[in-house]
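Here is a short briefing on the structure shown below. Points are grouped by topic.

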Amino acid sequence: MCAFLTPPLSTTALPKALIGITCTCIVLARARQRQSREAARSASAKTMDGGTILERRAGGSVTGGVNPKVASAAVALGHVQALASFTKLVSSVRVYRLLQSSLQSMWLMVAMGAAIVKAWAEGLQKQQADAHHAVIPAVQVEAVKSFCGTWVKDIGSSEPMDSFCDMFGVPRFLRQATRLMSGLEVTILGDALLVKQVCKIGFMSMTESYPLDGVHSSVQRRRDMRSGKQLGKLVSAAEGQMQLRVVFDGRLPGEALDTLQLQEDGNTLVVQHKASLMGKGSAHFREVYRRVKR
């Protein structure tokens, strides 16, 4: 029945229809190939840029039509980039620690250098001081010898020792003895200077010894007759002047400085006495002596 309804095709129309269908199929096939090539190029470009986006469904499958090998390469590239970033971080930490260690070493070297320079400067200062003292000693033995001899106290030109006695708390009977001090005897014995304070009451006389080197001190009996000791030192001696220092030990600590000045005539000696005691203040007095024997 259809055959009766379908109009018959002429011999010339059939080949034309076949040609049209064939051309249409060829065009469609080429378009499909072109789309495939463009999709492949796009996926390759995204993989090279590290920007391939994989969409995962809830079930965990991958969509997007990307080749699994390409996806694996992208994941591997991401791991490599993460490892590179971690390596850079570790390198930065190592560089920081190395820099910190270098700074600490530098500061240590600077501190050591400063200590060396300070020690060198102190050593140089000490050498200069030693050289100065070697050239001009504090104690000149020839100057000490000029004080040697026997000296008699000029009572009329001397001051009383009352201020000293008050400061030291000397008892009354010993104060009377101080008024009986009559002179000095200055001698050199070996490496020591001997200074004897002569009293008319023999046992009240007192001899003090001072090393001539001007460095060491000698142990002596206290001048105020108290228990304990005193340390005596020859501080200086030059050009008609000599200084003796004593340091008191015991219950009443303090010190005294005696300055002996030889006058121009060479036979008059002026002695300035100064002393201070802890918690007692200070006192001073002056004595004059005449040489009677060298």
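Arg226 and Asp224 join their side chains in a salt bridge, 3.1 Å from N to O. Arg226 is partly exposed at 36% relative accessibility, whereas Asp224 is buried at 11%. Elsewhere, salt bridges with shared partners link Glu208, Arg223 and Asp258 into one network. The model is predicted.

**Salt bridges**

- The count of salt bridges comes to nine.
- One of them joins Lys145 and Glu142, with 3.6 Å from N to O.
- Both Lys145 and Glu142 sit in helix 4, which spans residues 141-145. They are three residues apart, about one turn of the helix.
- Lys145 has a relative accessible area of 44% and is therefore partly exposed. Glu142 reaches 58%, so Glu142 counts as exposed, the cut-off being over 50%.
- Asp166 pairs with Arg175 in another salt bridge. Their closest N and O atoms are 2.5 Å apart.
- Arg175 is partly exposed, with a relative accessible area of 24%.

**The sheet**

- Ten strands build an open sheet. Their order is 6-5-4-3-12-11-10-9-8-7, and the pairing is antiparallel.
- Which strands form the edges? Strand 6 (206-211) and strand 7 do, each pairing on one side only.
- On average, neighbouring strands of this sheet are turned by 25 degrees against each other, with direction ignored.
- Strands of a sheet are held in pairs by backbone hydrogen bonds, in a parallel or an antiparallel sense.
- Strand 4 (residues 181-189) and strand 5 (residues 192-199) are an antiparallel pair. Eight bridges connect them.
- Within that region, Ile188 has Leu193 of strand 5 as its bridge partner.

**Positive phi in the loops**

- Where does Met225 lie? Its place is the loop between strand 7 (218-221) and strand 8 (229-238).
- Met225 has a phi near 70 degrees, a positive value in a residue other than glycine.
- With a relative accessible area of 32%, Met225 is partly exposed.
- Glu239 also has a positive phi, near 50 degrees, and is likewise a residue other than glycine.
- The loop that holds Glu239 runs between strand 8 and strand 9 (241-248).
- Is Glu239 buried or exposed? Glu239 is exposed, because its relative accessible area is 79% and the cut-off for exposed is over 50%.

**A nonpolar surface patch**

- Five named residues, Leu99, Leu103, Met106, Trp107 and Val110, make a nonpolar patch on the surface. The patch covers about 520 Å².
- Leu103, one of the patch residues, belongs to helix 3 (residues 68-135).
- Leu103 has 39% relative accessibility, so Leu103 counts as partly exposed.

**Recap by residue**

- Asp224 is buried, while its salt-bridge partner Arg226 is partly exposed.
- In the helix 4 salt bridge, Lys145 is partly exposed and Glu142 is exposed.
- Of the two loop residues with positive phi, Met225 is partly exposed and Glu239 is exposed.

Note on methods:
Residues numbered from 1 in each chain as written. Predicted model: local features only at pLDDT ≥ 70, side-chain atom pairs only at ≥ 80, totals over all residues. Heavy atoms only, no water. Helix = DSSP H or I, 4+ residues; strand = E, 2+ residues; numbered from the N terminus. Buried < 20%, exposed > 50% of the residue type's maximum accessible area, 1.4 Å probe, protein only. Patch = residues over 30% accessible without salt bridge, like charges linked within 9 Å, V, L, I, M, F, W, Y side chains within 5 Å. Areas by Shrake-Rupley, 256 points an atom, 1.4 Å probe, with all protein chains shown as cover. Salt bridge = Lys/Arg side-chain N within 4 Å of Asp/Glu carboxyl O. Pairing = 2+ DSSP bridges. Axes fitted to C-alpha atoms, helices over the stretch in contact; angles between N-to-C directions.
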